[in-house]
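Here is a structure to look at from the inside. The questions come after it.

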Amino acid sequence: MKNIKKILLVSLAILFILCFGSYITYSKSFVNTDYIHEFKQDINNLLDNNLDTYFVLPDFTNYLEFKLENHNGIKDIELNFDNTKYDYKYKIYSSNDGYTYDEVKFEKEIINSTLEIAHTNIMDVFIRLRILSSNSKDYIHIKDISFLDEDGNKINNVEIKKEEPIINEYKFQKKNVYYKDVINGLISRTLGEEYVEFFDVSFLPDDRGNDYFVLYTDNDKVMLKGNNINSICVALNYYFEHYLEQTFERFGDSKIKAILPLPRVDNKIEKNIDMEFRYNYNYVAYGYTMAYWDFKDWEREIDWMSLNGFNMALNLVGYEEVVRRFLSEFGFSFSEIVNYLTSPIYLPWQFMGNISSIGGELTPKWFEDRAKLSIDIQTRMIEFGIEPIHQMFIGYFPYKENSGVNVIRGSYWSKIKGPDRLDFNNNDVEFISSVYYKKQKELFGESKYFAGDLFHEGNNLYGYDPVELSNKVLKLLIDNNGENSIWIIQSWSHSPSSETIENLNRNNTLILDLHSQLNTRWKGISKFNNMSWKDREFDRSNWIFGVLNNFGGRSGLYGHTRHLLNQFYDAKYNSNYLKGVAHTSEGIGFNNFIDELVTEIIFSDKLDIDEFVSRYLRNRYGKSDNDLLKAFNILLDTVYNPVINIYHEGASESVINARPSLDVKSASKWGSIHKNYNSEKLEEALRIYFSKYNEFKDSKGYMTDLIDIASEVIINLSNEYYKNLQDYYNNGEIEFFKLNSQRFLNMILLQANILYYNERKSLQKLIDKLDDLNYDDYFEDTLIINKKTILTTWYDKQVSEDDGLRDYANTDFYDIVGTLYYNRWKRFFDNIQENAVNGFYDDYRFDIKWINDDDSLRFSKPDKSLNNLIELLLVEINMHRNDFSFLGDLIYSIKDLVIN
């Protein structure tokens with residue numbers, strides 16, 4: 001019977017492909033677009049030669065795509081708009097295969113009030129038009145588009161058909177690498193190849209039930225011993241931090257510095273690591289931070305993870321290729337698949353089950369590149385004993401007419417349609433899931449750990465019985481991956497409910513509590529949304545303590561330091577099922593101090609915060625200093641001591657980053673501009689730090705922290721200035737309002753100029769790296785636009801304005817602060833003085849123009865040194881605190897900080 005069933009299942013798969021697969025992808029329209037909302041007009045109106053009909057794309061798109069009959073060259077493209085006075089700006093791309101598009105040059109000629117012509121020279125048959133901006137009421141309002149040859153004859157449009165691309169399907173092959181070679185490679189990259197011979201590594205018995213290492217010097221060699229390779233890496237890092245007195249930086253290319261002979265470890269050091277699981281990554285970090293990383297970035301990151309003891313990490317890189325291979329087995333064409341998937345920066349939300357189809361199409365090259373990169377990442381992680389966490393089969397499957405697969409249509413998350421799901425009661429889910437896991441193993445190899453949530457950030461159960469569904473997906477996991485497979489379930493919002501997990505085998509589940517330092521859900525009830533469980537510790541489930549210190553990559557010094565430690569040790573000593581600790585921040589690399597703190601609590605002995613801070617500063621700045629230690633303790637009492645009884649997401653926000661109005665309460669919907677400490681204390685910390693400038697200016701860590709503290713002080717001052725502006729306006733003191741609005745703008749420029757001296761605070765530098773990925777012009781533009789979008793409007797008008805996701809990821813990149821944020825507020829103040837305050841739709845359009853402007857990040861190098869800029873800030877503080885601010889324009893001026 002089993003053999004008969006297998007034959008039937010294979011036959012079914014073949015039938016899918018024969019009936020629904022094809023060599024050609026057919027489009028139902030002569031015009032393609034990636035717009036995700038409902039149209040009010042027929043898109044084919046663009047090609048009907050009738051100027052009485054039109055097409056309005058209400059808001060946001062990445063392209064309009066056309067295919068032309070074979071021709072001898074397109075010389076002119078006629079575009080009939082509602083009115084050419086609206087100054088439509090657009091780009092034109094062409095392709096010979098419909099996948100790889102190069103930008104084409106053209107000269108625009110205005111013919112009359114509705115017609116303009118793009119004079120060009122295009123030989124390809126596929127054309128894409130990307131409208132960048134306009135001044136019209138509707139974002140795109142087009143009556144007709146025509147393509148003309150050199151004789152002025154119209155070139156006919158044809159139905160869009162594309163050949164299926166050939167994509168190399170790389171497969172994971174596990175490599176056996178000698179552990180000493182792995183450690184020697186780590187020493188070479190972090191310290192230097194010339195130091196390898198001064199270390200000796202070996203394994204210890206793995207018989208204690210926990211990881212541990214031993215460190216000592218023998219015959220002038222540093223002996224690194226551990227029960228596994230991960231423990232040996234931690235031993236190496238312990239030597240770096242306690243004997244070489246340096247910290248390996250997570251970002252950049254710096255190495256640990258050493259002078260021979262290496263410091264001796266005369267007294268044997270032995271450390272137990274009693275956190276079984278040391279987990280890394282929030283899903284959305286792959287969007288806000290890591291979407292465009294290459295292997296150079298990943299190599300550094302994996303070295304940092306290894307040194308700090310991480311032994312499991314979520315890996316989403318290349319998962320879209322798993323989806324492509326999986327859906328291809330069921331007859332989906334490439335075009336259907338890329339129209340289902342999002343663009344790279346939004347993929348994490350699709351993989352969690354929130355969204356689908358937005359941001360622009362992926363290219364065939366992207367799938368190949370990410371597959372290769374994923375294999376390299378998987379290989380390196382495994383070499384270091386870091387278990388890659390793969391994606392669980394939850395049942396996401398796009399609707400396709402006549403596919404033979406019954407699906408439940410996806411619901412909506414923040415106005416964006418989520419992925420469709422299999423109807424588990426009316427499909428052969430055993431077969432479908434087996435195809436899925438087979439394709440995932442081809443690319444990722446084997447794993448023991450799998451992540452996935454049934455109903456992330458949503459209460460729509462899609463008609464499922466949660467008890468039945470959770471048991472079903474776990475059974476499918478075990479059937480395809482073995483009895484020891486473990487399902488990692490995120491504890492967030494209203495998930496997981498007792499109903500979802502009550503009947504699951506606890507040996508096969510692990511709860512990742514994302515925000516443990518603020519919300520003690522493990523005690524049986526959420527502090528902030530009344531979510532509760534039948535029993536403590538998620539109904540007596542194994543769980544991980546997560547530290548979520550950053551939301552959306554938002555800026556600002558922030559972290560629950562002493563409270564974090566109290567919460568962690570409360571859980572450690574008063575729970576029965578705590579198994580690990582996790583870094584779960586949505587953006588990574590924004591707070592080195594909290595990152596390092598959390599890596600220290602994996603050991604069995606309790607962390608001494610005073611010893612840690614003293615050692616952290618010594619290692620970060622190159623030497624100890626009592627004054628800087630005093631100043632940092634001020635940070636511990638201010639920015640690193642936020643409220644604990646009110647739900648909040650990250651640092652107090654900057655009013656600078658907010659959408660301008662006279663009633664700003666936050667920059668993002670879930671943030672606040674209010675803080676719970678005295679700003680003057682932080683200003684005192686800045687004065688102490690700055691007093692050490694000449695002594696520590698060659699320390700990168702010191703300079704980074706000085707800049708961050710100065711930026712935070714400016715945020716506080718700006719929030720106070722804004723309150724004054726509100727008072728002046730409400731009291732009718734317009735002259736004071738004008739004077740102080742200029743001071744507010746000066747603060748924005750001062751912050752941008754100070755941030756300029758931290759090279760990691762530039763969005764343009766991140767964008768410039770995209771050239772190294774070597775994609776076609778259209779796709780690279782898409783990657784750039786997506787990055788700028790997610791930091792501002794997040795996506796389109798419905799998402800940005802109606803749902804309120806705008807500025808969720810507001811940032812302190814200096815080339816955003818000094819351009820977009822500055823010009824937002826300048827425009828607002830100008831309108832106030834002209835008594836013409838505009839509504840939010842205009843503000844949204846203002847952001848969209850900035851997003852689509854290739855030059856919008858242009859920000860000039862400051863003409864003042866960092867030293868001089870902070871001196872200006874200190875003068876500003878003194879005037880403000882001593883109520884001499886009315887003399888500001890007479891004493892000094894910051895308004896010469898140019899932003900050309």
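The questions and answers below deal with cavities and nonpolar cores in this predicted model.

Q: How many cavities of 30 Å³ or more does a search of the whole structure find?
A: Rolling a probe the size of a water molecule over the atoms shows where empty space is left. With the search run over the whole structure and a lower limit of 30 Å³, the number of cavities is 15.

Q: What is the volume of the largest cavity?
A: The lining of this largest cavity is made up of 22 residues, and those closest to its centre are Tyr-319, Val-323, Tyr-340, Phe-351 and Tyr-396. The volume of the cavity is about 220 Å³.

Q: Which helix gives the most to the lining of the largest cavity?
A: Two helices each supply at least two lining residues: helix 8, spanning 347–351, and helix 6, spanning 319–328. The greatest contribution is 4 residues, and it comes from helix 6.

Q: How many nonpolar residues are in the lining of the largest cavity?
A: Sorted by class, the lining has 1 charged residue and 6 polar ones. The nonpolar residues number 15.

Q: Which residues touch the most other members of the largest nonpolar core?
A: In soluble globular proteins, nonpolar side chains tend to be buried together. The largest core here has 252 residues, and the two that touch the most other members are Trp-298 and Trp-794.

Q: Which helix supplies the largest share of this core?
A: The share in question is 13 residues. They come from the helix that covers residues 700–730, helix 20.

Technical notes: Residues numbered from 1 in each chain as written. Predicted model: local features only at pLDDT ≥ 70, side-chain atom pairs only at ≥ 80, totals over all residues. Heavy atoms only, no water. 1 Å grid on protein atoms, 1.4 Å probe; cavity = no way out; pocket = protein on both sides within 12 Å on 5 of 7 lines; lining within 4 Å. Points joined across faces, edges and corners; volume = space filled by probe spheres on them. Nonpolar A, V, L, I, M, F, W, Y, C, P; charged D, E, K, R; others polar. Core = buried A, V, L, I, M, F, W, Y, C linked by side-chain atoms within 4.5 Å. Buried < 20%, exposed > 50% of the residue type's maximum accessible area, 1.4 Å probe, protein only.
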